[in-house]
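These are my notebook entries on ring contacts, burial and strand pairing. I begin with the structure itself and then go through the entries one topic at a time.

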Amino acid sequence: MVEEYTVHLNAFEGPLDLLLHLIEKNKIDIYDIPIAVLTDQYLTYLDQFREFNIDVASEFLLMAATLLQIKSRILLPEQPNIADEDEIDEDPRQELVQRLLEYRRFKEVSSVLDKMSITQGHIFYRATDLPPIQHLPPENLDVNLLWQAFQNVIEGQLSQNNIQKVARDKFSVQDKMLFILTLLQKTAKKAILFTAAFAIDSTKGEMIVSFLAVLELAKLKRINIKQALSFSPIYIYLRNDNNVL
């Protein structure tokens with residue numbers, strides 16, 4: 001009865017892992033591997049294993065065969081007659097060295113990622129307690145529609161004023177905010193049409209300042225901007241809990 005051959009391979013992830021272990025243990029130059037020595041140590045290591053797993057061991061046995069093939073190619077005497085004299089014999093160890101270098105790089109990266117994962121596992125982040133998002137006060141009105149309404153005001157004013165005066169701006173956002181609040185205070189319902197915030201003879205620059213004033217008042221919650229239905233007029237309302245600037 002043939003004695004059962006058992007190999008225990010759970011100490012290494014694969015044949016390349018075992019080869020790297022032998023190279024590092026014996027301080028072998030990976031770029032100039034003594035293939036005969038490494039092959040003998042590899043085979044000796046396999047002989048010391050006790051349990052056999054066919055799925056894993058097949059990879060180790062295949063590497064053993066590869067090492068023996070490389071060893072035999074190195075030991076063979078050089079052929080004096082070569083058909084192509086310019087052809088240079090490739091080192092039979094070169095492919096193995098490239099595989100080992102690539103495997104070592106992946107192993108080093110894997111080790112770094114593993115350490116980072118362990119470190120992150122010991123860090124606990126407190127849940128964020130963000131304040132509620134502050135929206136602009138316009139009710140039942142898309143901000144894009146408000147911008148489109150402003151564009152319509154500009155187009156309407158420019159079509160009526162063919163001659164534009166170029167002069168330094170005389171109005172600030174603060175001035176226009178006071179102007180709008182004053183208009184609202186004078187009306188019985190404390191409300192005006194959106195277009196009323198822009199003077200008829202306003203220049204383009206002045207209208208832009210007025211629009212910024214409307215937005216600033218809305219941001220400060222001094223006014224409410226409402227539109228009852230789609231395509232209906234837009235109104236600006238004075239909030240009851242505010243005073244004039």
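I take buried to mean under 20% relative accessible area, exposed over 50%, and partly exposed in between, with a 1.4 Å probe and protein chains only. The model is predicted, so I keep local features at pLDDT of at least 70 and side-chain atom pairs at pLDDT 80 or more, while totals for chains, interfaces and linings use all residues. Residues are numbered from 1 along each chain as its sequence is written, and side-chain values use heavy atoms, with hydrogens and water left out.

Entry on aromatic pairs. I pair rings of Phe, Tyr and Trp (its six-membered ring) if their centres lie within 6.5 Å, calling planes under 30 degrees apart stacked, over 60 edge-to-face and the rest tilted. By this rule I count two aromatic pairs. Phe194 and Phe198 make an edge-to-face pair, with 5.3 Å from centre to centre and 70° between the planes. Phe194 is buried at a relative accessible area of 2%, and Phe198 is buried too, at 3%. Why do I call the pair of Tyr235 and Tyr237 tilted? Their planes stand at 45°, with the ring centres 6.3 Å apart, so the pair is tilted. Tyr235 is partly exposed at 33% relative accessibility, and Tyr237 is partly exposed at 30%.

Entry on charges over rings. I require NZ of Lys or CZ of Arg within 6 Å of the ring centre and within 35 degrees of the ring normal. The charged end of Lys226 sits over the ring of Tyr237, 5.3 Å from its centre, and that of Lys176 sits over the ring of Phe179, 5.3 Å from its centre.

Entry on strands. I read strands (E, at least two residues) and helices (H or I, at least four) as DSSP runs numbered from the N terminus. In a regular strand the side chains alternate between the two faces of the sheet. Along β3 (residues 235-238), Ile236 and Leu238 point to one face and are buried, whereas Tyr235 and Tyr237 point to the other and are not. For pairing I ask that DSSP find at least two bridges between two strands. Strand β2 (residues 223-226) runs antiparallel to β3 over four bridges, and Lys226 stands opposite Tyr235 there. Strand β1 (residues 191-193) is joined to β3 by three bridges, also antiparallel, with Tyr237 as the bridge partner of Ala191.
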